[in-house]
Amino acid sequence: MGGDIAFSGRNANPCALKGCMWPKTYGSVFIPISISQSYDWNERLIIIKALRSIMKNTCIRFFWRRKEQDFLHFFSGNGCWSYVGRQGGMQYISLKKVGCLYTGIVQHEVLHALGFNHEQSRSDRDHYITIIRRNLLQGMFRNFRKVNTNNLGTPYDYQSILHYGRFAFSKGQNLPTIVAKGNPNIKIGGATVMSNNDIKRVNRLYGCRR
């Protein structure tokens, strides 16, 4: 769903109301991780640096999994995808070696695992963007369905790491699928790192003192 969200078989929207947040202890959210041995050291380092960038600005604390039951496992699967929120047990995040190992993509998929949906799926998105359905590839409108999201009092963010670009799932060159209302020239998507609003939302959702 949404192009890169794995379907868990349960309604996880809004995630925070469905019990799929990661637990918080002593002011921090400790999340065990493991990384597939199929990655070489440089590839593993890209993932590690992206995780460190999240830790630097939030109370999320990733650590190497030992015997913890619930944990995130990064592997080179079929494309870039994640589940939304904590699922329980070994929870996969797919980062294909070719095409997915970039800081922004790692952050994007990890934010899904923390409980966040795409920005263009926000409950209030119709005030800020128009989805040009006629320009979408056949069957792709499902990736643009609105979600009853908890927006945590933050503004709509065209530059969120979770926002798709204006030509996402377009059926042709120069046929935009997402257009900003009021100013169609506003840059949409294409962020390479988390925005200030992305960081603020993580901190608000998990009650980080930042």
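Which side chain meets Asp126 in a salt bridge? In this predicted model, the partner of Asp126 is Lys146, as the first view shows.

**View 1. Salt bridge between Asp126 and Lys146.** The N to O distance is 2.9 Å. The pair links distant parts of the chain, 20 residues apart. Asp126 belongs to the loop between helix 2 (103-114) and strand 7 (129-131), and Lys146 to the loop between strand 7 and strand 8 (178-180). Asp126 has a relative accessible area of 34% and is therefore partly exposed. Lys146, at 43% relative accessibility, is also partly exposed.

**View 2. Salt-bridge network around Arg122 and Asp124.** Salt bridges link Glu119, Arg122, Asp124, Asp198 and Arg201 into a network. Within the network, the side chains of Arg122 and Asp124 meet at 2.8 Å, N to O. Arg122 counts as buried because its relative accessibility is 4%, under the 20% cut-off. Asp124 is buried too, with a relative accessible area of 16%. In total the structure has 8 salt bridges.

**View 3. Salt bridge between Arg86 and Asp70.** The closest N and O atoms of this pair are 3.5 Å apart. Arg86 is in the loop between strand 5 and strand 6, while Asp70 is in the loop between strand 3 (60-64) and strand 4. The two residues are 16 residues apart and link distant parts of the chain. Arg86 is partly exposed at 23% relative accessibility, and Asp70 is partly exposed at 24%.

**View 4. Strand 6 and its pairing partners.** Strand 6 (residues 90-95) pairs with strand 4 (residues 71-75) in the parallel sense, over 5 bridges. Here Phe74 stands opposite Ile93 of strand 6. Strand 5 (residues 80-82) runs antiparallel to strand 6 and is joined to strand 6 by 3 bridges. Cys80 has Leu95 in strand 6 as its bridge partner.

**View 5. Aromatic cluster of Phe75, Trp81, Tyr83 and Tyr92.** Ring pairs link these four side chains. The structure holds 7 aromatic pairs. One of them, Trp81 with Tyr83, is edge-to-face, with 6.0 Å centre to centre and 85° between the planes.

**View 6. Arginines over aromatic rings.** Arg65 lies over the face of Phe71, 4.1 Å from the ring centre. Arg133 lies over the face of Phe141, at 3.8 Å from the ring centre.

**View 7. Low-confidence segment, residues 9-13.** The chain averages a pLDDT of 91, and 91% of the residues score at least 70. Over residues 9-13, however, pLDDT stays under 50. The model has 12 contacts beyond four places in sequence for this segment. Where pLDDT is low, predicted coordinates should not be read in detail.

Notes:
Residues are numbered from 1 along each chain as its sequence is written. This is a predicted model: local features need pLDDT of at least 70, side-chain atom pairs count only at pLDDT 80 or more; totals for chains, interfaces and linings use all residues. Side-chain values use heavy atoms; hydrogens and water are left out. pLDDT is the predictor's confidence in each residue, from 0 to 100. Contact means heavy atoms within 4.5 Å. Two strands pair if DSSP finds at least two bridges between them. Helices (H or I, at least four residues) and strands (E, at least two) are DSSP runs, numbered from the N terminus. Rings of Phe, Tyr and Trp (its six-membered ring) pair if their centres lie within 6.5 Å; planes under 30 degrees apart count as stacked, over 60 as edge-to-face and the rest as tilted. A charge sits over a ring if NZ of Lys or CZ of Arg is within 6 Å of the ring centre and within 35 degrees of the ring normal. A salt bridge is a side-chain nitrogen of Lys or Arg within 4 Å of a carboxyl oxygen of Asp or Glu. Buried means under 20% relative accessible area, exposed over 50%, partly exposed in between (1.4 Å probe, protein chains only).
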